[in-house]
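Let's work through a few exercises together, one small step at a time. Keep the sequence and the 3D view open as you go.

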Amino acid sequence: MNRRAWILGGAAAAAGAAGAGVAWWRMSGSAAADERAAQIWAMQFETVGGGPPLALAALRGKPTLLNFWATWCAPCISELPLIDRFQREHGAAGWQVVGLAVDRAEPVAEFLAKRPVGFAIGLAGLEGVELSERMGNSGGALPFSVVFDRKGKVIQRKLGMIKPEDLQRWLAAAG
Amino acid sequence: MSSANLTDEIAAAAARLVVEEGMEYGPAKRRAARALGRASVRPAELPGNDRLEDEVREYLRLFCADTQPGELAALRSIAALWMERLADFRPHLTGAVWRGTATRLNDIHIDLYCDDSKAAELALIDRRVDYEVGSRPGPRRGEPVNVLSLTQRSDELGASVGLHLSVLDHDDLRGALKPDAGGRSQRGDLNALRRLIASEAG
């Protein structure tokens, strides 16, 4: 394998990441994707345990971390405690976390019974991955997160596991 | 409207969404059906992926002939670069960049067929490449596979391009090389990609 190409590539990727830290994925600049993502506020989702549906319209008006996850997705499961803590720590300041499970109802119910979370979970079904793609998940993998400001406008997106520094950046971005 | 006409109209409308908004085929078809006032379209009335791809090519030829070939070439050269770097893991290019219908809105999708599922990730770590780990249903009865996502700057496009590496098993390769119902290949290795690049340039 060409070692030199790798090192150059690594440096370029690192430089790109530093420069693009905020913009991260180029789709974050797509006005069409932002507009499609904001349509989420008109949607509602079934919830586990047969409770009333989760209507996102009722949640609009707060900075929001919308997280697409699944019980079959290992990186999603590992980041749940982090975003659960984020909700606990910043809920009082107005933040909210909403989880959309790209999954069937039974495994989600089973999972949450064992490892409950303190934020709202909606069931997006297995076709939920297409919903995430409409919102700008150009890779089609999970986890995928979208951050909205108070006005319901998209301010950040992230494919892959959330890190503590992502949360810090989002806190700052939402103001 | 007859069923055949409806399918044609959905294919044409979906092709526009695929090209202009970078949508995936499945969501584009359903959204096109809704836009045509058909809330409930029977699956049989939706165009197949090969039918939609024909329509996408036609749309590109009519409306993007001046920009798309250059954008595709830029994406393919980035794909080739990463396939050289990842040669140990039997990289195969797939998706719109392989099929030739990609524009600057598309990401690059590369499948890696590894003997050791951790090796590709370790290679990225060794070389200090910044990447994200995701998961998606894989080819084996939907069993999840890891997707390593990174961005690569493209000077030609003046933007960063998303690149997604699906970590598959060496044993998955045989099935992956079967052509689809329309006889078209779904992915190709570096040599096949170089042939494509050479034929487009010629």
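**Exercise 1.** Among contacts in chain A between residues at least 6 apart in sequence, what percentage join residues at least 24 apart?

*Solution.* Start with the ground rules. This is a predicted model, where local features need pLDDT of at least 70 and side-chain atom pairs count only at pLDDT 80 or more, while totals for chains, interfaces and linings use all residues. Residues are numbered from 1 along each chain as its sequence is written, and chains are lettered from A, with ligands numbered from 1, in the order in which they are written.

Next, the term: two residues are in contact if their C-beta atoms, placed from the backbone, lie within 7 Å. Counting that way in chain A, 62% of the contacts between residues at least 6 apart join residues at least 24 apart.

**Exercise 2.** List the elements of chain A, then follow the chain from β3(A) to β4(A).

*Solution.* Helices (H or I, at least four residues) and strands (E, at least two) are DSSP runs, numbered from the N terminus. Chain A has six helices and seven strands. Read from the N terminus, they go α-α-β-β-β-α-β-α-β-α-β-β-α.

Now take strand β3 (residues 64–69) of chain A, which pairs with β4(A) in the parallel sense over six bridges. (Strands pair if DSSP finds at least two bridges between them.) Within this pair, L65(A) sits opposite V97(A). To get from β3(A) to β4(A), the chain passes through helix α3 (residues 74–90) of chain A, and this β-α-β crossover is right-handed. Right-handed means that, with the strands pointing away from the viewer, the path from the first strand over the helix to the second runs clockwise.

**Exercise 3.** Which strand does β4(A) join through four bridges?

*Solution.* Strand β4 (residues 96–101) of chain A is joined by four bridges to strand β5 (residues 120–123) of chain A, and the two run parallel. The link between them is helix α4 (residues 105–114) of chain A, in a right-handed β-α-β crossover. Looking at partners, G99(A) faces I121(A), and L100(A) is bridged to G122(A).

How many residues of β4(A) are buried? A residue is buried if 20 or more other C-beta atoms lie within 10 Å of its own, exposed if 12 or fewer, and partly exposed in between, with C-beta atoms placed from the backbone. By that count, five of the six residues of β4(A) are buried. Across the 175 residues of chain A, 42% are buried.

**Exercise 4.** In what order do the six strands of the open sheet in chain B lie?

*Solution.* The order is β3-β4-β5-β2-β1-β6, with mixed pairing. At the edges are β3 (132–137) and β6 (187–188) of chain B, each pairing on one side only. Further in, seven bridges connect strand β2 (residues 108–114) of chain B with strand β5 (residues 159–169) of chain B, which run parallel. One bridge there matches L112(B) with V167(B).

**Exercise 5.** Where are the two domains of chain B, and how do they touch?

*Solution.* An automatic or database domain assignment splits chain B into domain 1 (3–63) and domain 2 (68–201). Seven residues of domain 1 and 10 residues of domain 2 take part in the contact. On the domain 1 side, helix α3 (residues 49–63) of chain B gives the largest share, five residues.
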